[in-house]
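Colleague: I should like to go through this model with you, beginning with its open spaces and then turning to its core and to the confidence of the prediction. Could we take it point by point?

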Amino acid sequence: MTSQPAIEPVIKKGRPSEDGLRDRLLDHTIKVLLRDGYQKFSMMAVAQSAKASKETLYRQFGDKSGLLHAALIRNAALIAPLLNEGLQKTQSSEERLHRLALNYLHGCYLPEALALQRIAYADGERGLGPIFAEEITEYAIACIVDEFTQLDSPQPREDAEVFLGMIQGKLHEKIMLGASIDNLEEKMEQ
């Protein structure tokens, strides 16, 4: 009986898939933002962190603004699951709004979310500010509008905007400015 040679598994070499590559580059974008902040953020730093070339970044995202825009859009996709967490366990509209408020604040205060908010505010009207408002803030407002619609609000959008504004308030301002908050969870509950 002759033995058959073992079949070697085929290992693909070369570039990762486009989706995998984009995700990896966006992961490193957030990592670099958190490490370096907006002022020191650069395409070169992301390329080095991701062990990719600057040309790859430019091919995938166009420029620094395009890369940051893609990071904002990807972050927006995380909002729905976060906002809806625990809502099915609530009984009353008041409990639902309370849960939504806490979920919203928890999402706002994630390190990645804070970094992106700071960048959007710092960039203002030049590009990322409006994109942040459109991709992230508008998504959160739409979720809250649904709640106010179910409460038969005559102006659900306006009520949702006021609600989110009241939730953020002074606490959000302090956190955005980098202040250390004692008993953050307790303050969010309040």
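Modeller: The largest pocket holds about 290 Å³ of space, and the residues closest to its centre, out of the 18 that line it, are I79, Y104, G107, C108 and I136. Please keep in mind throughout that this is a predicted model.

Colleague: Which helix gives the most residues to the lining of the largest pocket?

Modeller: Several helices take part, since α5 (79-84), α6 (93-108), α7, α8 and α9 each supply at least two residues of that lining. By character, the lining divides into 12 nonpolar and six polar residues, with no charged ones. The greatest contribution, four residues, is made by α8.

Colleague: How many charged residues are in the lining of the second largest pocket?

Modeller: This second pocket encloses about 160 Å³, and its lining consists of L26, D27, I30, A71, R74, N75, L78, L110 and E112. The elements that give two or more residues to this lining are α1 (18-40) and α4 (64-76). Five of the lining residues are nonpolar and one is polar, while the number of charged residues is three.

Colleague: Is Q168 buried or exposed?

Modeller: Q168 belongs to helix α9, which spans residues 156-176, and, apart from residues up to four places away in sequence, Q168 touches Y104 and C108. Its relative accessible area is 17%; the limit for a buried residue is under 20%, so Q168 counts as buried.

Colleague: Which helix supplies the largest share of the largest nonpolar core?

Modeller: That core has 53 residues, of which L57, L67, Y109, F163 and L164 touch the most other members. The largest share, nine residues, comes from helix α8 (residues 128-150). As for L67, its contacts beyond four places in sequence are L26, T29, F41, M43, V46, L57 and F61. The helix you asked for is therefore α8.

Colleague: What is the relative accessibility of D152, and does it count as buried or exposed?

Modeller: D152 sits in the loop between α8 and α9, and its phi is near 60 degrees, a positive value in a residue other than glycine. Exposed residues are those over 50%, so D152 counts as exposed, at a relative accessibility of 68%.

Colleague: In which helix is confidence lowest?

Modeller: Across the protein chain the mean pLDDT is 82, with 87% of the residues at 70 or more, although pLDDT stays under 50 over residues 5-14. Among the helices, the highest mean, 96, is that of α2 (residues 43-50), and the lowest, 77, is that of α7 (residues 111-123).

How values were computed:
Residues numbered from 1 in each chain as written. Predicted model: local features only at pLDDT ≥ 70, side-chain atom pairs only at ≥ 80, totals over all residues. Heavy atoms only, no water. Core = buried A, V, L, I, M, F, W, Y, C linked by side-chain atoms within 4.5 Å. Buried < 20%, exposed > 50% of the residue type's maximum accessible area, 1.4 Å probe, protein only. Contact = heavy atoms within 4.5 Å. pLDDT = per-residue confidence, 0-100. 1 Å grid on protein atoms, 1.4 Å probe; cavity = no way out; pocket = protein on both sides within 12 Å on 5 of 7 lines; lining within 4 Å. Points joined across faces, edges and corners; volume = space filled by probe spheres on them. Nonpolar A, V, L, I, M, F, W, Y, C, P; charged D, E, K, R; others polar.
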